[in-house]
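This report sets out the backbone geometry, sheet topology and overall dimensions of the model shown below. The account begins with individual residues and proceeds to the fold as a whole.

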Amino acid sequence: MMGLPFFQKAIELQEQYHSGQVIGNGMQTNGILLNKEWAKFLQRRRFLVGLSIDGPEHAHDHCRFIKGGKGSWSKVCDSAKLLLDSDVEVNALSVVSDYSVGFPEEIYEFLKGLGIRYMQFIPCVEADSVAPSDGRRHKKPDRVAAFSAPAEKLGKFWRKLFDLWLADFKEGIPTTSIRFFDSVFYHYVGLEPPECALLKECGNYVVIEHNGDVYSCDFFVEPTWKLGNIRDDLLIDLLNSKKQVNFGKLKSNLTGKCKKCSWLKYCQGGCLKDRARNPANRELDYFCPAYETFFKHADTHLKKLAIKWKADRAIKPSQDSIRIDSTGLVNH
């Protein structure tokens, strides 16, 4: 919505002020305003584009509308094809809602058929919005919104998706990248995953709002976690500030259930925002049952993949990257 000139100017400033750093650019978009000029720019400047597309028409248009209430699926599909035909790197950012959680195979096959091989499935959970007698809407903390994905169903979604992902392996190598599976795999080979929700502590990045205000996380843009303003403060100081350190350590405050759980070493208690939105227990990830279902199903397979990966590295030590790494954007 800022328009192409804004991004062109951003690139000019990067080229003017970088001091030898390698700069990578990504953009998350619903695809509605993309055109050939955009695609040419994104390809030439090597942007990684996260495209919000939730699957086939009935899944996508269940929640995503344009002005007038019409579904946006047709336009987004056209944008996806435009980007792919223009050799732009595209990842699917698919929100898993109370509706789409029932269609893992259909969604996966649709995205593959569209030509997208990098996928990120984002489970939806939000606090319910209610309108009290004063007419002002607010979040009701003791229940989740009806469109949130039920944890039990999400576990089945992940389980089926994992089987589909495995079935598409060729000669022991995945042909599609699903960010959650890729990130989990890091734990299985003894490395630190790129997905912050799977780390022991978070807080290793910040979010900068349009006015320069800096917050601990893009899920916690609220007064409590405002660190400062980029106009007045050095970014390195904000990242290492006491408030940011304390924010990161909140993730390691685990319940007794988590501490006793055999899957803790892989999920690390999940994401803080999914604890904050759990009406049953603010200290437990809302999707905990989904993690349990997934790991019980996938653990043996992931261990076998890890053994093979380590064996391949022993034979070819020069290959120092995980073959099933994800180039997906961070989950929003």
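Glu171 is exposed, with a relative accessible area of 79%; the cut-off for that class is over 50%. In this predicted model, Glu171 lies in the loop between α6 (151-167) and β7 (177-178). Its backbone has a positive phi of about 55 degrees, although Glu171 is not a glycine.

Arg46 is another non-glycine residue with a positive phi, again about 55 degrees. Arg46 belongs to the loop that connects α2 (36-44) with β2 (48-52). Its relative accessibility is 67%, so Arg46 counts as exposed.

Gly115 sits in the loop between α5 (104-114) and β4. With a relative accessibility of 37%, Gly115 counts as partly exposed, a class that runs between the 20% and 50% limits. The C-alpha atom of Gly115 is 35 Å from that of Glu201, a residue 86 positions away along the chain.

**The parallel sheet**

Five strands form an open sheet in the order β1-β2-β3-β4-β7, and their pairing is parallel. The edges are occupied by β1 (26-29) and β7; each has a single partner strand, so one side of each is left without a neighbour in the sheet. In general, the strands of a sheet pair through backbone hydrogen bonds, in either a parallel or an antiparallel sense.

Within this sheet, β2 and β3 run parallel and are joined by five bridges. Strand β3 (residues 89-96) is also joined to β4 by five bridges, and these two strands likewise run parallel. Of the eight residues of β3, six are buried, so β3 is largely enclosed by the rest of the structure. Strand β4 (residues 118-123) has five buried residues out of six, so β4 too is largely enclosed by the rest of the structure.

The following table lists residues that stand opposite one another in these strands.

| Residue | Opposite residue | Strand of the opposite residue |
|---|---|---|
| Leu51 | Ala92 | β3 |
| Ala92 | Met119 | β4 |
| Ser94 | Phe121 | β4 |
| Val96 | Pro123 | β4 |

**The surroundings of Ala92**

Which strand holds Ala92? Ala92 is placed in strand β3. Its relative accessibility is 0%, so Ala92 counts as buried, the limit for that class being under 20%. Ala92 stands opposite Met119 in β4, while Leu51 stands opposite Ala92 itself.

Which residues does Ala92 touch, when those up to four places away in sequence are not counted? Ala92 touches Leu51, Ile53, Leu111, Ile116, Tyr118, Met119 and Gln120. For one of these contacts, with Leu111, the C-alpha atoms are separated by 7.6 Å, and the two residues are 19 positions apart along the chain.

**The antiparallel sheet**

A further open sheet consists of three strands in the order β8-β9-β10, with antiparallel pairing. Its edge strands are β8 (207-208) and β10 (226-229), each of which pairs on one side only. Strand β8 is joined by two bridges to β9 (residues 213-215), and the two run antiparallel. In this pairing, Ile208 has Val214 of β9 as its bridge partner.

**The fold as a whole**

The protein contains 13 helices and 10 strands in total. Its radius of gyration is 21 Å, close to the 20 Å that the globule rule gives for 332 residues, so the protein is as compact as a globular protein of that length. The C-alpha trace spans about 50 × 50 × 45 Å along its principal axes.

Buried residues account for 46% of the 332 residues in the protein. Among contacts with a separation of 6 or more, 61% are between residues 24 or more positions apart.

The exposed area of the protein is about 18,000 Å², and 52% of that area is supplied by carbon and sulfur atoms. The charged side chains comprise 47 positive and 41 negative groups, and the centres of these two sets lie 3 Å apart.

How values were computed
Residues numbered from 1 in each chain as written. Predicted model: local features only at pLDDT ≥ 70, side-chain atom pairs only at ≥ 80, totals over all residues. Heavy atoms only, no water. Helix = DSSP H or I, 4+ residues; strand = E, 2+ residues; numbered from the N terminus. Rg over C-alpha atoms; globule rule 2.2 N^0.38 Å. Buried < 20%, exposed > 50% of the residue type's maximum accessible area, 1.4 Å probe, protein only. Contact = heavy atoms within 4.5 Å. Areas by Shrake-Rupley, 256 points an atom, 1.4 Å probe, with all protein chains shown as cover. Lys, Arg positive; Asp, Glu negative; His and termini not counted. Charge placed at Lys NZ, Arg CZ, Asp CG, Glu CD. Pairing = 2+ DSSP bridges.
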